Amino acid sequence: MLKITTMKNKYILYIACAALSIVTSCKRESFLNRSPLSDITPGTYFKNETDLQLYCNQYYPALTVQNFLKLDDNSDDKANASINSLLAGTYTVPSAATHNYSGGTTLNFDSNNISGNVNVNQSGTDWDFALIRACNFFLANYQKANIPDATKNIYVGETLFFRANDFWKKVKAFGDVSYVNHYIVDSSKSVLYGPRMPHKQVMDSVLKDINFAVNNLPVSPADGRLGKYAALALKARVCLWEGTYRKYFGVGDEATYLQAASDAAEQIMNSGLYKLYSTGNPQSDYYNLFIQDELKGNSEAILPMRYLQSVLMNGIDRSLGEAGDGYSKDFVNSILCSDGLPTSLSPLYKGDDTPDDEATNRDPRYKQQIATRGFDFLAGDLITLPRIGTTVTSTGYQPIKGRSNSLAAWNANASVYDFFIFRYAEVLLIEAEAKAELGLATQTIIDNTINKLRDRVGMPHMIIANLVKDPKSNFPSLPVLIDEIRRERRVELGAEGFRFDDIKRWHAGTLINNPNTILGMKLTPTLRAQYPAQQVSNIVVDANNYIRLYPSITNRTWNDKMYLLPIPTQEISLNPNIKQNPGW
Amino acid sequence: MNLNAFSIAVYRQRLLKKILLVMKLTTVIMFLGLLQCSASAFSQKISLNEINTPLKKVLKSINQQTGYVFFYDSKDVRNKNVSITVKDASLEDVLNTCLKNLQLTYKLVNNTILLQEKDAVPATTQAVAVVAVPVTGQVFDEKNNPLPGVTIKIKGGNGAVITDVDGKFKLDVPDNKAILVFSYIGFTTVELPVSSGQMVVHLQTDLGKLSEVVVVGYGTQKKVNLTGSIATVNSDKLENRPVVNLGDALQGLIPNLNVTLGGGQPGTAATFNVRGGTTLNLSSQPVSTTPLVLVDGVARDPNLIDPNDVASVTVLKDAASAAIYGGRAANGVILITTKTGKAGPTRVSYSGSYTISRPTRLVQQVNSMEYIKMFNEANRTGLKSGGYSTTPFSEQDSTMAAAYFNAPNNNPTGYPDPANPKRYRYVGNTDWTKVLYPGWAPQQQHNVSVSGGEGKTTFLGSLGYYRQDGLEKSANQVYQRYTPTLKVNSDVAKWLTLGLNMSMTHTDNNQPAATRINQGGAWLYSNIPPVMPVYNPDGNFAGQGNYTNPLAVNALSGRDIDSQNDFWTTGRVVIRPVDHVSVNVDYTWNALNDNRKANLIPFNEYGVNGTFLDIYPWTNPSQVIENKTNNNYNALNAFATYENTFGKHYLKALVGYNQEYQHYMLGSTLVKNLIDPNLPSSGINNDTQPQVGSVETEYALVGTFSRLNYIYDNKYLVEINARYDGTSRFQPNSRYSFSPSASVGWNVAEESFMEGIKGTLNQLKIRASYGQLPNQLVPGVGSTGQMLNMLASSVASSAYQYPYIAVQQTGLVNYLLNGQQGIMVASPGLVSSSFTWEKVQTKNLGLDYSLFNDKLNGSFDYFITNIKDILVPGQQLPSTLGAPVPPSNSADVRSHGWEFSVNWRDKINELHYSLTLGLSNTSNTRVTKYSGNPTNSINDFIQGQDLGNIYGYVNDGFYKTDAEAAAVDNSALAGYKWLAGDIKYKDLNGDGKINYGDNTLSNMGDKKLIGNTTPHYKFGFNLNLSYKNFDFATFIQGVLKQDFYPNEYVFYAFRDDEYSIPSQMTTNYWTPTNTNAYYPRIRFSGGGNEQAQDKYILNAGYARIKQLTLGYSLPSAAVKSIKLQKLRVYVTGANLFTITSLNKSYDPETAASFGTYPLNKSLSFGVQATF
């Protein structure tokens, strides 16, 4: 018995030893050390030019594209079937910021344009710093690449271009913003919990970033990439905005920016690389410019947003046809008559009792951006009467920039029409306005800018000496020259998304109060009778027979708080150093 | 008397049930080969060389050499040693030699040898035998299956026999007053007087029986000796139901094993959860956590197992029971054991069923007239109040729609649009739900198995087939699953057993590609108006580019075909070097291959009279996606067990090692512009920039574990576990974790002071346990955590497998560079390098009881679960960071709960019945530590608050007049003008405004806590009856209380926008003439009225009859006449009736995830046969 027990004990000992050896072998580091097999890690990246370039590619979808869809719905130019909540005073403070994070990284900066869904008044989206972080991460790492500084600086230039553009957008939305110009992590408390930087100070940094881009981006960049002139175009745009903002809000130091805007515009003009698109057909060139399959190589395109069959396509043409959108009465009224005089002064103006009358003898850009009789809606479906009472248009002034009769483009998400990111015409308008604001606008300046635009569409020249103040001007106290330059800008850039920014920088929010901004075309009983009764039975008109888009209100009321968007409440509760914008 | 059997094969045989199958010829041939091998196992040639060896050991040796099984009373062989040296001797010689000097005699019955003590007066025995009365009979189980191997003894006498394969026995008794005792492991022992003629005896399964053995981690244990919280279900509860997968089958059977059905779409997996355990994740949502599921000791997806192959399911609920599995077991463990072959003649079994099913409950949308009326009503409100408005339906629309509605045969469903003569304005009346789910869809399943084995080797082979057609008829979805398995075990030598399990699951899923692109793939349509017909008046599919017509997409776009092979092989070696010790080494290899091909075919959309309008955009251009996944997984388990009894001391010790490795590879291609869109092959394309992708990740885990069981005098039970884990998911200095646990039990009924009531109280055991388990799951990737479903790319992603390493993602940008979409490398996310395992601590107090001869039994458990160091974003940070906050181990949660089960089993004359009730509850989960929400925002977790809390307003009726509404500042909720009929909320904080303050706990304005979404009081109730050849079973399952906060378009008319279609339930809305309505005034996007509020918190509790089965077994005589051993037919209804207060548009089981594919209710007809 004893012997057996001993034998058993021996076996148990063996087992125990075996077990022990297993236990001790458990810390098998080589077995447990596993690292990514199909992913890039930062430690090995940023080694050559390709690395820098591929990294910078992620910024490009953040470019602002003038694709017409819903752009300017938040202004006095348009009145969509669905009322704009900010201008209607019904916008509520978002509780949290909306982020573009995807899987722990920042993949999608396509927040507001490529997909064609600009949603204005997005303070949640605008208070997102993912793109800023992507830029700052680049700046913290690009020096690892073993390539010449000049090459590196091209990509630094791209990065700073996008960082500047993003901060400028934040300034437009929020005024003062949290300015983060270096790479931070979750422990960077002083930055994360810091106060907002004042508007002017941020813009000075923005200008510095843009200047670096101007100085380092190539004159002839690779296909699709940013170059020196794209940077100059951004500079002109940003500086005009900031210069006029400073002037009209009375915060000072505007001259530098106005001058910078003019300088940048002149550099572009003097380069001789760009000119307005024209085939000598003033009645169609302007319209045709916006339904081009290919803008690469177009002389008016400083930077186009391109689309190619089967590679990248959009659905804008179709969406525009079904957007329930429409220019406001106020916008239409502002279009000059063909003699160069405003409707309030011109003997050629035939009144607005019928849509045909109203379009007669007007600036050719009228019929080239508003659907009138004979416009081919789609493949031979000609418009006779404005298609009110349907999803085609709300006001009767159906916007047709970017709309064509092509079935191919109508196929949902199959259009290859290109859009502008920077259009030469805007540069000319910047030059004219900046010079005028500086008091330096001469007839030569006007001839080189405004009158070039007018030449394309066959309008009489603007002659400073002959200008007469429009008695129905939106800006009765402004000098007539600036007033008329602003009108030219409004008409030329209609539906391209500049108007609300313009209203803000001109400190002209009260334009929104004008009842005409939410009225549509005149629908006289005679005209109404020409429609199938049931189609227009729900349409309400005012005492003068103008279509009332929003029957509950006769006019909108501007509140100065609308100059700035509210900051999401969560951001304020997280960081006590951030105070809400006034009025919200 | 304690009967022992020492052949492992026989031991398994007794635990397992018999199922009859038919099999394809090829498979039969395959098995015939095996049969020939094992047939030679019954050998008569015995060689022994034993000197003074315990008799037991010698008998074992004979068993191993011949296959003959011995039965004896253990006291008869105790302390008896023999010496024998023979070579190639006959069985008879050997036995005679062995027993020569012992007071033992033997009897050979079939292949079984019975040893008995020699009668004191052998001559008398002989004499009695001569005058004996012969008795014959047959023994069956409750379902009339013959029971082989039942021991029949004469009470107070010496005769004993074993039933043969047909359950038959023949025995001589001294006189016709003798009492026979029938006993069989797992069945209640019965005593019956002999009767003349053929005796028919039915034995009852006894789950509560003390001798029952349950599967535990790395071994088995007698149920009576368990100290942890463990629940088991055997195959009889899983069979006979038209269930797609094991998840369906297990729902409600085990208290606090929560099974969530993913919906009724063919191929949809169920998810599991034990005891409501939740953790927190990055998306600020509590995440239900998945237990570790082991099939025959290997982590597998239970959804891919044929329920027919399952022998038993065990759930290890508390940390002490699960601790042996360490880092993967934090959320409990489900152990699934599949059926095994057993010694005896070859059996062929078949079971099959044919099922028809249709959705349980479906959304009911409004008809065209109601729709137009509501649409224009909502639009008028929008216009009146500055809210959202759009182009309304015109008078002409209304007139035409009314005409069609009233006389569909004489009126068109559309007319040319005045604004665009090429397009119709639709004025039909379509019930889209009915169009999509028109009737019954078929399912069928078949399972054939062949099993047997003699002596040393046993085998089981089976082939299962399952086919289900989708409920959405036009989709023509067909899901098929094939599950061949093969299990072979061989006791090669007395010290060595070898085992091999091979199984494969092959699935084919063929469905429209539309479901993959989420177009036309929604299960319930929220945005197709009832005015739209299925077909335009001219016969083309309706839609016209404005609406996705699901029938058009299903019919015209391509197919998505997924084919998967999941191949598993486990080889096992068990060595018994000495008595009481066994060493098990098993190695598992798994190859999971998935091929998925989906192609999209563009199709045209047409307007008036077939005018071409456009190409449906979401399947254009033509494309094909091919994904090929290859996942290799292997696991090594090695463990040694020592088990022995020293007098009153029982000791069992286990020590082992576990290692796992997984390697995942995905290759994907997406090409557009196929040269022939109907030939979906990625090589045949005109795509200048085909997209190619790949994912490759690895994962490794090692663990050592040990367990010690000690029992004193069958009364005092102790178990101690320890495990040390290491994972590749964390960085080296935080990668290891130690998890200890302990549990104790006290068998009160065994105490001497209980002796008096032992007859009544058969068992009373009190248990207590404590354990801590680490959790290596990484938050942020949803609930699928384990090795399961490796095809879910999130689980295989780098973010999941290497969470401490930041990676830079790549992709395409929507911008053309050099004429192609730019390729980008993104910035890396933020990661914290220091995070490590979460810890789950469970305390459990339990009670097992059994009374009245085991007729009444059950258990009760109370538990407390603390989850510590949960990985959550350490601290909420301002958006200026520009990236998600990295996780750190910084939150704790706590919950507690109980579960209770009771079973009563008895018979009244020939009516056998059994009732089982399981009831469980888990408390709300309380966040006990969380620093990520310093402001106590109610949109995030809050320290000290429960998960699932619903904060909302108090409904105070409707505003009666516009003036009353205008007087209250509701602008924080909705900026439009509030009107009569909008909801009046109580101004709880009395500031004159209705608002949400800053949405924090201390200032939530007029909100308050109005409910909690945690389900409470889950129950399952089983009733089984059998009467003569009939059997009946029903199973009811449900939840008594659950707050449900509906927030879908079916609940609020035009919930999202003007495109959402109201449901029937929303038609009772406020109008000036219906001021007593359930719903407020309707608006497009009427967010103000759709705030969470007490009035609209519903109770999603329900009771559902999951199963209702009636079966009939043909009488054995009839069965015999057609050469069968058993034949049973049955009919089963599943999910036929539901009791709930929810509207018909909601299925209470899927209400929380509204919009999923509807669940089935079904009717099945089945047959089971054994040859």
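Which side chain makes a polar contact with the side chain of Glu300(A)? The answer is taken up in point 5, after the ground rules and the interface.

1. Basis of the note. This is a predicted model, in which local features need pLDDT of at least 70 and side-chain atom pairs count only at pLDDT 80 or more, while totals for chains, interfaces and linings use all residues. Residues are numbered from 1 along each chain as its sequence is written, chains are lettered from A and ligands numbered from 1 in the order in which they are written, and side-chain values use heavy atoms, with hydrogens and water left out.

2. The interface of chain A and chain B. Here 107 residues of chain A are in contact with 110 residues of chain B, where contact means heavy atoms within 4.5 Å. The area buried between the two chains is about 9,100 Å², and carbon and sulfur atoms give 60% of that area; buried area is the accessible area (1.4 Å probe) that two parts lose on being put together, summed over both. Two salt bridges are counted between chain A and chain B, a salt bridge being a side-chain nitrogen of Lys or Arg within 4 Å of a carboxyl oxygen of Asp or Glu. Glu698(B) forms a salt bridge with Arg34(A), with the closest N and O atoms 2.9 Å apart.

3. The side of chain A that touches chain B. Helix 1 (residues 2-24) of chain A gives the most to this side, with seven residues; helices (H or I, at least four residues) and strands (E, at least two) are DSSP runs, numbered from the N terminus. The residues of this side divide into 57 nonpolar, 32 polar and 18 charged, where Ala, Val, Leu, Ile, Met, Phe, Trp, Tyr, Cys and Pro count as nonpolar, Asp, Glu, Lys and Arg as charged, and the others, Gly among them, as polar. A residue to look up here is Val93(A), in the loop between helix 4 (85-88) and strand 1 (101-102) of chain A, whose contacts beyond four places in sequence include Trp584(A) and Tyr996(B). The C-alpha atoms of Val93(A) and Ile567(A) are 7.3 Å apart, although 474 residues separate them along the chain.

4. Chain B as a whole. Chain B has 16 helices and 60 strands, and buried residues make up 59% of its 1171 residues, where buried means under 20% relative accessible area, exposed over 50%, and partly exposed in between (1.4 Å probe, protein chains only). Among contacts in chain B between residues at least 6 apart in sequence, 69% join residues at least 24 apart. One residue to inspect is Val215(B), which lies in strand 14 (residues 213-216) and counts as partly exposed at 22% relative accessibility. The C-alpha atoms of Val215(B) and Ile336(B) are 8.7 Å apart, with their positions 121 residues apart in sequence.

5. Arg423(A) and its network. The side chain asked about at the start is that of Arg423(A), which makes a polar contact with the side chain of Glu300(A) at 2.9 Å; a polar contact is a pair of N or O atoms within 3.5 Å, and within protein one must be able to donate a hydrogen and the other to accept it, while residues adjacent in sequence count only if both atoms are side-chain atoms. Arg423(A) is in strand 4 (residues 419-423) of chain A and is buried, with a relative accessible area of 1%. A network of salt bridges links ten residues by name: Glu300(A), Asp363(A), Arg365(A), Lys401(A), Arg423(A), Arg454(A), Arg456(A), Glu488(A), Glu492(A) and Glu496(A).

6. Other salt bridges. Over all chains the count comes to 75 salt bridges. Asp149(A) and Lys152(A) form one of them, with the closest N and O atoms 3.8 Å apart, and both lie in helix 7 (residues 149-174), three residues apart, about one turn of the helix; Asp149(A) is exposed at 51% relative accessibility, whereas Lys152(A) is buried at 6%. Arg487(A) and Glu484(A) also meet in a salt bridge (2.9 Å, N to O), and both are buried.

7. Backbone angles to check. Phe46(A), which is not a glycine, has a positive phi near 65°, and it is buried, with a relative accessible area of 1%. Asn1135(B), likewise not a glycine, has a positive phi of about 55° and lies in the loop between strand 58 (1126-1134) and strand 59 (1137-1140) of chain B.
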